[in-house]
Amino acid sequence: MLTWPAPHVPRLPGEGPVVRVHDSSTGLLVPASSGPTATLYVCGITPYDATHLGHAATAVAFDVLNRAWRDSGLSVRFASNVTDVDDPLLERAAATGVDWRSLADDQIALYAEDMTALGVIPPDVYRGVVEVLPDVVVAVEALLEAGAAYRVPTPDAVDDGTGLGDVYADLTADHDFGAVAGLDRDTMLALSAERGGDPERPGKRDPLDPLLWRRERAGEPAWDGGTLGRGRPGWHIECAVIARDGLGLPFDVQGGGSDLLFPHHEMSTSHARLLDAGHGARVHVHAGMVGLDGEKMSKSRGNLVLVSTLRDQGEDPMAIRLALLAHRYRHDWEWSADQLAQARARLASWRRAVSGNGGPDATATLSAVRAAVAEDLDTPMALHAVDDWAARAVHGAEEPVEGAPGVVARAVDALLGVRL
């Protein structure tokens, strides 16, 4: 799958500190990578309606991690996926009378346009589910052979004479299951039902066991699954396979929105452990939810503020990015038009401040921005450091240092992804 163009990331003098992040599994602040190559997997979109500000906030948060790693002297290998065949996509296509492949292609392209506009560094490995189907089949077959998966009779599958059923993971095969999210069983059951699981499915050994391979149903897309029969993958196995093949196991950070902690990251990590001798992500990092009118912003609710709509209305993508950076990445927050107005004013102030040849010495400002993003991606603190420099630059009371505005502009671009 083609990704979007990479933005230019300026080089800064010196190096930033070791980057630490909040590990969702332990609650501790830990080094995000020991290097020399940092590895990151961020779950991508299901392309039936992209890109709302929740998607954008998550993408920008992990883009800051990518930039902070690079500034600290590490090379970065970044992988992501697109769930380009899944129930929500098929349901939206049926409801709108659009071929599901055309809908997916259109929304994937729109997502790439939004990411380009927002200055997000693209993944090095970018795979759609349809692309990796053969690898998923091999992985599921291996889990079956190892006794870590089982078949469930599927009377409503297309009758191809094989009698093969859906395939589910047997979570009892993974002794570390539950370590990612650390939830009690009742909470896991409730979230499974809410977030794409099927705990009521008859024939499963345990209600929490996740789907690995769905046998073909009438009217649904399906592919050759070898010994699994025709069908398509379950949700979690795709990320386990793409991360394994794109980054290797273990990898440093698995990221996404906090609604992916369970079941998606719990299950995909379990699959990865069973596929590769107990290895998965070392650290799990999650972005908070963006709300609107008191509700989480989501496609299912339809309360979306789309990046593309804001761009069509003439909003500067850098102002949109600044509005996202004004919040701590792992906290839930509420969107309002006032925040975009504040971001516009901040962007104008910064651009005015860097427009001259001289300004206040930028050494301390660069250090402050570096320290902020390295300490659990504290972008609000980084913004305040630049605000302080910009206010002093506009005031003009200090002896100007030639080239200082350029240092600040490059720092803002390299570390925060904001082009001035």
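## Two buried residues with positive phi

A residue counts as buried when its relative accessible area is under 20%. Keep that cut-off in mind for this predicted model, starting with Asp376: its relative accessible area is 2%, so Asp376 is buried. Asp376 sits in the loop between α11 and α12 (379–395), and its phi is positive, about 55°, even though the residue is not a glycine.

Leu377 tells a similar story. Leu377 is also found in the loop between α11 and α12, and its phi is again positive at about 55°, with no glycine to account for that value. At 2% relative accessibility, Leu377 counts as buried too. As background, most residues other than glycine have a negative phi.

## How α11 meets α13

Just before that loop comes the helix α11, and it has a partner worth a look. How do α11 and α13 run relative to each other, parallel or antiparallel? Helix α11 (residues 363–374) and helix α13 (residues 404–416) pack at an angle of about 10°. Angles under 35 degrees count as roughly parallel, and the two helices are therefore roughly parallel to each other. Their axes are 10 Å apart.

On the α11 side, the contact is made by Leu366, Val369, Arg370 and Val373. From α13 come Val407, Ala411, Leu415 and Leu416. Sort those residues by type and you get seven nonpolar, no polar and one charged. The charged one is Arg370 of α11.

## Cis peptide bonds ahead of two prolines

Now for the backbone oddities at proline. The peptide bond from Leu249 to Pro250 is cis, with omega near -5°. Pro250 falls in the loop between α6 (235–247) and β10 (251–257).

A cis peptide bond also joins Phe262 and Pro263, this time with omega at about 5°. Pro263 has its place in a helix, namely α7 (residues 261–275). For context, most peptide bonds are trans.

## Cysteines, but no disulfide

How many disulfides does the structure hold? Zero. Why do Cys43 and Cys239 not form one? The closest cysteine sulfur to that of Cys43 is in Cys239, and the distance is 3.8 Å, too far for a bond. A disulfide needs the two sulfur atoms within 2.5 Å. Turn it around and the answer holds: seen from Cys239, the closest cysteine sulfur is in Cys43, at 3.8 Å.

Are these two cysteines buried or exposed? Cys43 has 12% relative accessibility and so counts as buried. Cys239, at 2% relative accessibility, counts as buried as well.

## Aromatic pairs and a ring cluster

The count of aromatic pairs comes to six. One of them brings together Trp4 and Tyr126, whose ring centres are 5.6 Å apart with the planes at 85°, so this pair is edge-to-face. The pair links distant parts of the chain, with the two positions 122 residues apart: Trp4 is in the segment before β1 (20–22), while Tyr126 belongs to strand β5 (residues 125–128).

Both Trp4 and Tyr126 are buried. What else do ring pairs link with Trp4 and Tyr126 into a cluster? The remaining member is Tyr111.

Definitions and conventions:
Residues numbered from 1 in each chain as written. Predicted model: local features only at pLDDT ≥ 70, side-chain atom pairs only at ≥ 80, totals over all residues. Heavy atoms only, no water. Axes fitted to C-alpha atoms, helices over the stretch in contact; angles between N-to-C directions. Helix = DSSP H or I, 4+ residues; strand = E, 2+ residues; numbered from the N terminus. Parallel < 35°, antiparallel > 145°, perpendicular 65-115°, else oblique. Contact = heavy atoms within 4.5 Å. Buried < 20%, exposed > 50% of the residue type's maximum accessible area, 1.4 Å probe, protein only. Phe/Tyr/Trp six-rings, centres within 6.5 Å; stacked < 30°, edge-to-face > 60°.
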